[in-house]
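This report looks at one protein chain, from a single side chain out to the contact between domains. Please view the structure first.

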Amino acid sequence: MAPTRRLTGFKPTGHLHLGNLLGALRPLIAAQDRSESIALIADLHALTMDHEPARVRALALEQATVMLAAGVDPERTPIVLQSHVTEHTELHYLLECATGFGEASRMIQFKEKSAADGPIRLSLLTYPVLMAADILLYDTDEVPVGEDQNQHLELTRTIAQRFNGRYGETFRLPGGVRPGSAARVMDLADPGTKMGKSNASGAGRIGLLDPPETVRRTVARAVTDEFAQVRRHPDQPGVTNLIDILAGCSGREPADPVSYGALKREVADAIEALLEPIRARYAELADDPAHVREILARGAARVRPIAAATVRRTRAAIGLLD
Ligand code: ADP
Ligand code: TRP
């Protein structure tokens, strides 16, 4: 049987954080020897909101370097910069022709992001279709994503099914992969929202390259509650999040019985044990950006034939002359 193919994507809109690692990156790395994975840096997605060109470029390189530092093996798992493989945009357009305006405008992430002040880019609306193109382009079987992306993955399946139904079997239907307790790492300062690259203050975010003092300080300041009980409970989102992070980082449940202070120390230790080697490896790799760029060029070259074949199939199915 052919190995399953996994793909997951990261937007270079900020520094990678613990949510990205536990929710998406680690599940990808964990399956490297039994699946053919692709780690995608979705730089085109970074253009859907206000952006600074130099920053997108710098973050794309930083993310590739962090992925390598976290254990992505580019021999088994090509690291691909989305804009290097132009088939993404071509398939995006073809899939737009099989997607409803209503469907796209119902996406929660679109509603949330378009509610902000200021002009909204049309690409923000069509963003999930580009994500569908990312996934379908490579005949992906499994997509490890955090919970926030479930709706986009569902839309991908809807588009693929509709296209196959109308124009004949063209796309493989992808499924999600649940990363378990860390599917949704919440912000430590505001446990009602997920930890994200662009959360306003950044006070509750653990960056994968944050120095140890910063990690400890962020955990020490994490919002808890008045219950003084270490347990997972809907009324205790902050404490639940800390317990989930501990489980996600170390596989351990809190030592029993513990105070909030002791819980936070345990959590900080577990995060630190995970991040310390990543930070060290990053420092080495960041000394040689040309090497990382070379890895990106090789990644694109590896996957381009698969992408080209999918686009050829799609063009033929939808009615374009060769
Ligand atoms: P962000 O939302 O921080 O900008 P991305 O959109 O680049 O991050 O997400 C990259 C991947 O990381 C996606 O699969 C997403 O589901 C996952 N992810 C992002 N934030 C979290 C989180 N707080 N907990 C779990 N997974 C997350
Ligand atoms: N849209 C995803 C996010 O915001 C990032 C992403 C882009 C992605 N392309 C993808 C995730 C393909 C999985 C597969 O988190």
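In this predicted model, a polar atom of the Arg 157 side chain lies 2.8 Å from the backbone oxygen of Pro 174. Arg 157 belongs to helix α7. Pro 174 is also one of the residues that Arg 157 contacts once neighbours within four places in sequence are set aside. The others named there are Leu 173 and Gly 175.

Is Arg 157 buried, partly exposed or exposed? Its relative accessible area is 25%, so Arg 157 counts as partly exposed. Buried would require a value under 20%. A longer span can be read from Arg 157 too. Thr 314 is 157 residues away along the chain, and the two C-alpha atoms are separated by 16 Å.

Gln 149 sits just before the same helix. Its loop joins β4 (142–144) to α7 (150–167). Gln 149 has a relative accessibility of 10% and therefore counts as buried. With neighbours within four places in sequence left out, Gln 149 contacts Gln 109 and Met 131.

Now the domains. The domain assignment gives domain 1 as 5–182 + 289–318 and domain 2 as 185–283. Each domain puts residues into the contact: 21 from domain 1 and 21 from domain 2. Their C-alpha centres are 27 Å apart.

How much area is buried between domain 1 and domain 2? The figure is about 1800 Å², and carbon and sulfur atoms give 70% of that area.

Polar links also cross the interface. The rule finds 1 salt bridge between domain 1 and domain 2. Asp 148 and Lys 194 form a salt bridge through their side chains, at 3.5 Å from N to O. In addition to that rule, a search for polar contacts across the interface gives 5 residue pairs, both residues at pLDDT 80 or more.

On the side of domain 1 that touches domain 2, the elements giving two or more residues are α1 (18–30) and α2 (53–70). The classes of residue on that side are tabulated here.

| Class, side of domain 1 that touches domain 2 | Count |
|---|---|
| Nonpolar | 8 residues |
| Polar | 9 residues |
| Charged | 4 residues |

Back to the two residues treated above. Gln 149 is buried at 10%, whereas Arg 157 is partly exposed at 25%. Gln 149 lies in a loop, and Arg 157 in helix α7.

Notes
Residues numbered from 1 in each chain as written. Chains lettered and ligands numbered in written order. Heavy atoms only, no water. Helix = DSSP H or I, 4+ residues; strand = E, 2+ residues; numbered from the N terminus. Buried < 20%, exposed > 50% of the residue type's maximum accessible area, 1.4 Å probe, protein only. Contact = heavy atoms within 4.5 Å. Domains from an automatic or database assignment. Buried area = accessible area lost by both parts, 1.4 Å probe. Salt bridge = Lys/Arg side-chain N within 4 Å of Asp/Glu carboxyl O. Polar contact = N/O pair within 3.5 Å; in protein donor to acceptor, adjacent residues only side chain to side chain. Nonpolar A, V, L, I, M, F, W, Y, C, P; charged D, E, K, R; others polar.
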